[in-house]
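I am opening a notebook page for this protein. I will go from the whole chain to single helices and then to single residues.

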Amino acid sequence: MPDLRKLLDKMTIEEKIGQLMQFSSDVFADDGADVTGPRAQYQLTEEDMARVGSILGTNSAETVIKLQKEHLEKDRNKIPLLFMRDVIYGYRTNFPIPLGFGCSFDPALVAECSEMAAKEAAASGIHVTFTPMVDYVRDARWGRVMESCGEEPLLNSRMGAAQVKAFQGEDLRDREHIASCVKHFAAYGGAEAGRDYNTVDLSEHTLREFYLPAYKACVDAGVKMLMPSFNSLNGIPSTGNQWLMKKILREEWGYDGLVISDWGAISELLKHGIAADERQAARMAFDCGCHIEMCSNAYHLHLEELIEEGAISEEQLDDAVMKVLELKEELGLFEDPFRGASSEKEQALFMSEAHRAIAKKAAAESAVLLKNEGVLPFSEEIKRIALIGPFADEKKALGIWKCNGQYDEVTTVREGFAAALPQVEILCAKGCGAEWNDSDDSGFAEAIEIAKKADAVVLCLGEPDDYAGEGNCRTDISLPGLQNRLAKEIAAVNSNTAAVLFNGRPLVLSRLAEAVPAILELWYPGNEGGHAAADLLLGRANPCGKVSMSFPKATGQCPIYYNRNNTGRPKKVEKEGIRTRYNSGYLDCGNLPLYPFGHGLSYSNFIYEDLTLSADSMESDGAIQAKITIYNDSDRAGKEVVQLYMRDLVASMVRPVQQLIDFKKVEFAPYERKEITFEIREPMLRFWNWDQKFISEPGEFQISTGCADHLLHTQTFELK
Ligand code: BGC
């Protein structure tokens, strides 16, 4: 184990600054001959390159080993490089996107997937993943909702913490785990009008209660790195936001780990207009404790002069460098700079049977049965099935953060059914495209023809996999192109029709829901999506996912979320077409979403029989139990996500109409009855008040179960 202090002492200022620089792998593939190439763009000499501390975006053990070897030959201090990558929902074996993960309400499953991703990434020489993304989201126009677990702070917090722990494991040296970087701190998901990188203007109250808890949960879970967000928050971009980066992150939460900027975010302080030049931007970001600069060169070009002038002290520089060295040390890189990366390991792990099995399970558990008027599950006795729509045989459905995922390794719905029902005739037609401006209906005739002939139809619809994710925002989040019309015409000729959806955000499904009797939301389900779809549609798997982000009835309802405040004139009747003047409703649309947070059907029939509280009052240091009895009135085993909501009936500030305070995913045997117990304690009832404190107030609280907007039972108790 090297003496890091000694190492630091013998480093020159330039070498220290090098540790704080990160460039993408294409910079290292560039020999410098091209005057417009990435190296020239960053003004990097051969000597600068030898001092760089970390690289972003390599995709094989072979490349990592080569770059690490070359680097160690050149670096006189022999400080190994760190390799970082966005391993978001899988490395090579992809599982569902995080919004789907959210629907599983299953942190243990998410942990299992993250462990597998960590193993694959570690085999490829990756040391740090830019995961979890725990941005709280309310507006489905924003493309990055796909990377989040949705509109619920508690769910986001549990999922985020589970990912951090699973990626990092007990000991980072074990070579099967990698460091985790939580992002994007803070409130990137609050981008105005759902437009990426846009301004975020939030009250501290909303920020504290809804947006910050999940980052905090990741900090508490021991995350090794944190990334500030691109957006400005109440006027100051996060990368240069002292209040956020110092007061909240360090002083209040006690975070002591590494901070890395987002891609180019330090130089973007100029475009935001809060720094006059890169020198000032470097100073601002460094002052906020941003240790590593990703893919811009403000530190490279200006830190040294800032230190010479005394604007930044050498101790500050040493602290930052020490943090980088410590992580390298924790990862065991000084002893083994390759950290077990090998092509053989990659071969053994990538898309291995075990990993595919996990991915299939995750795809099935993240799917949500949004609607089912008796058609699902399909009978296995069918002779002929028609698979119709742009996603019936589409491999390009992994989403833009697929990392090393390969489209040719994706199982489509057609392939899933071919494997599940080898004796059944499968008819397949695309019908139409899925682009927003697709207007070609020449494929309709063939699609209608096969629908007529089939015993069952699966409509495979969605949005192209580059419609969600960074920079992919939409003003109209309905099914693109002619897909709604296709659905209507198909369902008109065959009523035994179910739609399955591939998408990265809650879409507006009002027209689809009118047209078809069943809708199964798959999200971008990962490599094994086709197998999971077949299992779910045939009843070999029982859907158990619940909506993690509300599905609006119309794009104009965005932002829409269940944990909203009441107004002084709440809308009483939730009916379309009724003119509801002088209350807070739309003229042409209801206020509620089409499918609210927490909604999701099952092939089991879960009956919520009872909710009781163990007492009708609670001391502030005490606890009461909420017991919910649920009966599975069906011959199918199934899982139910039991949700516990509270409402603070009278408080010094307006409180949300519902807030999830706990949930449990429970398995039921056929005809099994279970009593599920939750414990309610005072901290679960707190909110951020005007005096800038998390407090609870004595008074009456309502406890409910069911799902948001469809509460089944309600009891009240008094907090003393
Ligand atoms: C994204 C981050 C990501 C980084 C590195 C940025 O554009 O905002 O989420 O981690 O790129 O790929």
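Before looking up any residue I fix the term I will need: partly exposed means a relative accessible area between the buried limit, under 20%, and the exposed limit, over 50%. I looked up Lys453 to try this out, and at 45% relative accessibility Lys453 counts as partly exposed. I note that the model is predicted.

**Entry 1. Lys453**

I placed Lys453 in helix H20. I left aside the neighbours within four places in sequence and found Lys453 in contact with Arg384 and Leu427. I also took the C-alpha distance from Lys453 to Asn156, which is 45 Å, with the two positions 297 residues apart along the chain.

**Entry 2. The whole protein**

I counted secondary structure and got 23 helices and 26 strands. The radius of gyration is 26 Å and the globule rule gives 27 Å for 720 residues, so I record the protein as being as compact as a globular protein of that length. Along the principal axes, the C-alpha atoms fill a box of roughly 75 × 65 × 45 Å.

I then asked what percentage of the 720 residues is buried. Buried residues make up 62%. For contacts with a separation of 6 or more, I find that 77% come from residues 24 or more positions apart. The exposed area is about 26,400 Å², and carbon and sulfur atoms supply 47% of that area.

On charge, I have 77 positive and 110 negative side chains. The centres of these two sets lie 3 Å apart.

**Entry 3. Helices H14 and H15**

I took H14 and listed its buried residues: Glu278, Ala281, Ala282, Ala285 and Phe286. Viewed down the helix axis they fall within an arc of 125 degrees, so they line one face of H14. Against what do the buried residues of H14 pack? I find helix H13 (268-272), H15 and H16. After H14 comes Gly289, with a positive phi near 80 degrees.

Next I went to H15, residues 298-308. Its buried residues are Ala298, Tyr299, His300, His302, Leu303, Leu306 and Ile307. Their cover includes helices H2 (13-19), H5 (46-51), H14 (278-287) and H16 (314-330). Strands S1 (21-24) and S10 (293-294) are also included in that cover. H15 is followed by Gly310, and I read a positive phi near 85 degrees there.

**Entry 4. Helix H21**

In H21, residues 483-493, I found Gln483, Asn484, Leu486, Ala487, Ile490 and Ala491 buried. They span an arc of only 155 degrees around the axis, which puts them on the same side of H21. On the face turned away from that buried side I noted the exposed residues Lys488 and Ala492.

I listed the packing partners of the buried residues of H21 by type. The strands are S12 (384-388), S14 (456-462) and S15 (497-502). The helices are H20 (444-453) and H22 (510-515).

**Entry 5. Asp535**

Is Asp535 buried or exposed? At 14% relative accessibility I count Asp535 as buried. Asp535 is in helix H23, residues 529-538. Not counting residues up to four places away in sequence, I have Asp535 touching Lys360, Arg540 and Ala541.

**Entry 6. Backbone checks**

I looked up two cis peptide bonds. The bond from Lys183 to His184 is cis, with omega near -10 degrees, and His184 lies in strand S5, residues 179-185. The bond from Cys558 to Pro559 is cis as well, with omega near -5 degrees. I located Pro559 in the loop between H23 and strand S17 (606-613).

I then looked up two residues that have positive phi although they are not glycines. Phe105 has phi of about 45 degrees and is found in the loop between helix H7 (98-104) and helix H8 (107-123). At 1% relative accessibility, I count Phe105 as buried. Tyr197 has phi of about 70 degrees and lies in the loop between S5 and helix H10 (204-211). At 38% relative accessibility, I count Tyr197 as partly exposed.

Technical notes: Residues are numbered from 1 along each chain as its sequence is written. Side-chain values use heavy atoms; hydrogens and water are left out. Buried means under 20% relative accessible area, exposed over 50%, partly exposed in between (1.4 Å probe, protein chains only). Helices (H or I, at least four residues) and strands (E, at least two) are DSSP runs, numbered from the N terminus. Contact means heavy atoms within 4.5 Å. The radius of gyration is taken over C-alpha atoms; the globule rule is 2.2 Å times the number of residues to the power 0.38. Accessible areas come from the Shrake-Rupley method with a 1.4 Å probe; for residues, only the protein chains shown count as cover. Lys and Arg count as positive and Asp and Glu as negative; His and the chain ends are not counted. The place of a charge is taken as NZ of Lys, CZ of Arg, CG of Asp or CD of Glu. The arc is that of the directions from the helix axis to the C-beta atoms.
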